[in-house]
Structures are given as structure tokens and as C-alpha cells.
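These are my notebook entries on a single protein chain. I record what I looked up, entry by entry.

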Amino acid sequence: MLKLTFCLHRLPGMSRDAFQDYWYNTHAPLVARLADTLGIKRYVQTHALNHPFNDATRQSRGAPESYDGIAELWFESWESLLETANDPATAAAGNELLEDEKKFIDLSRSPIWFNEEKVIVS
């Protein structure tokens, strides 16, 4: 399996609660509707918690600010992903997701990359 990881920062001026609400209640159903067209086999949202322990942990390590969430999307393989790369329906679905992402994600501060998992403990 091939995984796409997207570490999300919200747009300036948007609260974390508003960001996470939009992401879960508006964007997630859009991803679910477009999943077959895009070849998405699994989609998971990890929402950052607003808890003092997070700040204390971050500060004890000198770590940068946390993300507001992480999106993980799984695809069957590079081959299956590339197979649909030139399909107009795939391009349209990708553009629809991107336009929605611009409503709540600070894209310039949100790293995104393809990767594969190496399970150490399960």
C-alpha cells in the first residue's frame, strides 16, 4: 500500500475547533464521495487535541507548533495511482478537493508527501 500523509495547519484567523469541524463534517464527506474516482482505499483524520499536556510535551523538547491535524490516505500502489493520473475525472475530483482545502487549510504551511509504513510494533 502507498500512503499520502498531509500535516495540516488551519488558515490564519480560523479557530482549531472551527477547522476541525469543517474538516470532519464538510471535507470528509467530500473525500468519501470522491474516493472511488481517486482510488482512495482508506482515509483517516487525526485531530490534534487542545490539552495543556500537548504544550508541555512540545515545550520540553523545544518542538515547533503542532499541526491541527493529519490526514492519511491509502492507495493500492504507485501503478494504480499513475493509471488514473491522466483521467479527466480524476483531475476534476482532485481539483474539487483542492478548492475545498483552500477554504480551511493553510496549504503553504502544510507538508504533504507519499510514503510507506514500516511497522515496528503492532
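**Entry on Y43.** I began with the contacts of Y43. Leaving aside neighbours within four places in sequence, I found Y43 in contact with W23, H27, A28, V31, A71, E72, L73 and W74. I note at the outset that the model is predicted. I then looked up where Y43 sits, and the residue lies in strand 2. Is Y43 buried or partly exposed? Its relative accessibility is 23%; Y43 therefore counts as partly exposed, because buried requires a value under 20%. One of its contacts, V31, I checked for distance: Y43 and V31 are twelve residues apart in sequence, and their C-alpha atoms are 8.1 Å apart in space.

**Entry on W23.** W23 appeared in the contact list of Y43, and I followed it next. I found W23 in helix 1. Its relative accessible area is 1%, so W23 is buried. Which residues does W23 touch, not counting residues up to four places away in sequence? I listed L8, A28, Y43, Q45, T46, H47, D68, G69, I70, A71 and F104. For a distance in the model, I also took G62: W23 and G62 are 39 residues apart in sequence, and I read 28 Å between their C-alpha atoms.

**Entry on helix 1.** I then examined the helix that holds W23. Helix 1 covers residues 16–38, which makes 23 residues. Its end C-alpha atoms are only 28 Å apart, whereas a straight helix would reach 33 Å at 1.5 Å a residue. Where does helix 1 bend? I found a bend of about 40° at H27, and a proline, P29, follows within four residues. I record the bend and the proline side by side, without a claim about cause.

I next looked up which residues of helix 1 are buried. They are R16, F19, Q20, Y22, W23, H27, A28, L30, V31, L34, A35 and L38. These buried residues pack against three strands, namely strand 1 (2–8), strand 2 (40–47) and strand 3 (69–75). They also pack against helix 3 (78–83) and helix 4 (88–101). Just after helix 1, I noted that G39 takes a positive phi of about 75°.

**Entry on T90.** Helix 4 is among the packing partners of helix 1, and I chose T90 in helix 4 as an example. At 13% relative accessibility, T90 counts as buried. Not counting residues up to four places away in sequence, T90 touches T37, L38 and T84.

**Entry on helix 2 and A63.** How many of the ten residues of helix 2 are buried? The number is zero, so helix 2 (residues 52–61) lies largely in the open. Just after helix 2, G62 takes a positive phi of about 65°. I then looked up A63, which is found in the loop between helix 2 and strand 3. A63 counts as partly exposed, with a relative accessibility of 31%. From A63 to V31 I read 31 Å, C-alpha to C-alpha, for residues that are 32 apart in sequence.

**Entry on the whole chain.** I closed with the protein chain as a whole. It has four helices and four strands, and along the sequence these follow the pattern β-α-β-α-β-α-α-β. Along its principal axes, the C-alpha trace spans about 45 × 35 × 20 Å. Of the 122 residues, 34% count as buried.

I also looked up how the contacts are distributed. Among contacts with a separation of 6 or more, 84% come from residues 24 or more positions apart. The chain exposes about 8,000 Å², of which carbon and sulfur atoms supply 56%. Finally, I recorded 12 positive and 18 negative charges, whose mean positions are 6 Å apart.

Conventions. Residues numbered from 1 in each chain as written. Predicted model: local features only at pLDDT ≥ 70, side-chain atom pairs only at ≥ 80, totals over all residues. Heavy atoms only, no water. Helix = DSSP H or I, 4+ residues; strand = E, 2+ residues; numbered from the N terminus. Expected span 1.5 Å × (residues − 1). Bend = angle between axes of the 7 residues up to and from the residue. Buried < 20%, exposed > 50% of the residue type's maximum accessible area, 1.4 Å probe, protein only. Contact = heavy atoms within 4.5 Å. Areas by Shrake-Rupley, 256 points an atom, 1.4 Å probe, with all protein chains shown as cover. Lys, Arg positive; Asp, Glu negative; His and termini not counted. Charge placed at Lys NZ, Arg CZ, Asp CG, Glu CD.
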